[in-house]
Amino acid sequence: MSTLNLALDHQGMLVSVLTAPRRAKYICLGCGGALLVKRGEQRAAHFAHDASHPGGCSGESVTHLAAKRLLRSQVEAELVQDRSVRWAQCCPGVDVTQRCRMRTTLAQAYEVEGRWSVQEEVAHGHYRFDVAVVVGGQAVFGFEVFHRHQIPDEKAAGLAVPWLELVGEDILEFKPRVPFRGSYKQ
């Protein structure tokens with residue numbers, strides 16, 4: 001069982017155990033069960049299922065769900081601020097056999113036009129994006145959250161709009177958005 005560091009508060013907002021008031025009520029992202037804050041001298045801070053839910057849940061789905069929720073709110077904030085999705089692309093180097101020695105990242109942006117929304121679990125053809133920017137009812141930019149396994153090559157090839165696959169733990173640690181892989185081309 002994984003340590004639960006994130007939960008939902010009574011308003012459905014993502015909360016870190018490091019900032020969560022002890023006496024408030026929290027909900028598990030994985031199973032919907034009630035959680036308690038555990039912060040003591042001996043163990044690292046974490047959320048724990050209360051006594052009415054002794055089995056707990058797996059932490060993998062919690063990590064995936066929390067990363068999707070946080071990514072959605074980050075992308076929404078970016079779009080409100082400047083109507084574009086931002087990320088960094090690793091410099092590929094002079095050719096495909098030799099990566100950039102400087103390990104430089106290049107700022108990238110995708111401008112979004114029209115009335116947009118950012119949603120989780122968005123259908124796109126035969127597939128679904130974990131998070132997507134939607135304009136006019138259609139996904140125009142998608143995100144896949146990579147936690148335990150990357151998306152299958154068949155799905156990657158079938159996504160007909162720009163998309164990025166991001167590491168879930170990097171999202172939760174607020175690291176710069178550098179894709180694991182994706183299809184975006186300028």
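Before I turn to the structure, one term is needed: a residue is called buried when its relative accessible area is under 20%, exposed when it is over 50%, and partly exposed in between. Please keep those two limits in mind, and keep in mind too that what we are looking at is a predicted model.

Let me start with K175, which has a relative accessible area of 45% and is therefore partly exposed. Its partner is E173, and the side chains of these two residues meet in a salt bridge, with 3.2 Å from N to O. E173 has a relative accessibility of 49%, and because the limit for exposed is over 50%, E173 too counts as partly exposed.

Now let me step back to the whole protein, which has 186 residues, 39% of them buried. Its secondary structure consists of 3 helices and 12 strands. The protein exposes about 11300 Å², and of that area 52% is supplied by carbon and sulfur atoms. If we take the contacts between residues at least 6 apart in sequence, 43% of them join residues that are at least 24 apart.

Coming back to salt bridges, the count for this model is 9, and I would like to go through two others with you. In one of them, the side chains of R177 and E78 meet at 3.0 Å, again from N to O. This pair links distant parts of the chain, since R177 sits in the loop between α3 (168–172) and β12 (181–182), while E78 belongs to helix α1, and the two are 99 residues apart. Are R177 and E78 buried or exposed? Both of them are buried, which by our definition puts each under 20% relative accessible area.

The other salt bridge joins the side chains of E76 and R72, at 3.8 Å from N to O. Here both residues lie in helix α1, which covers residues 60–82, and they are 4 residues apart, about one turn of the helix. With a relative accessibility of 28%, E76 is partly exposed, and R72, at 24%, is partly exposed as well.

Which residues are linked with E76 and R72 in a network of salt bridges? The network contains R69, R72, E76 and E120, so when you look at the E76 and R72 pair in the structure above, please look for R69 and E120 as well.

Methods
Residues are numbered from 1 along each chain as its sequence is written. This is a predicted model: local features need pLDDT of at least 70, side-chain atom pairs count only at pLDDT 80 or more; totals for chains, interfaces and linings use all residues. Side-chain values use heavy atoms; hydrogens and water are left out. Buried means under 20% relative accessible area, exposed over 50%, partly exposed in between (1.4 Å probe, protein chains only). Contact means heavy atoms within 4.5 Å. Accessible areas come from the Shrake-Rupley method with a 1.4 Å probe; for residues, only the protein chains shown count as cover. A salt bridge is a side-chain nitrogen of Lys or Arg within 4 Å of a carboxyl oxygen of Asp or Glu.
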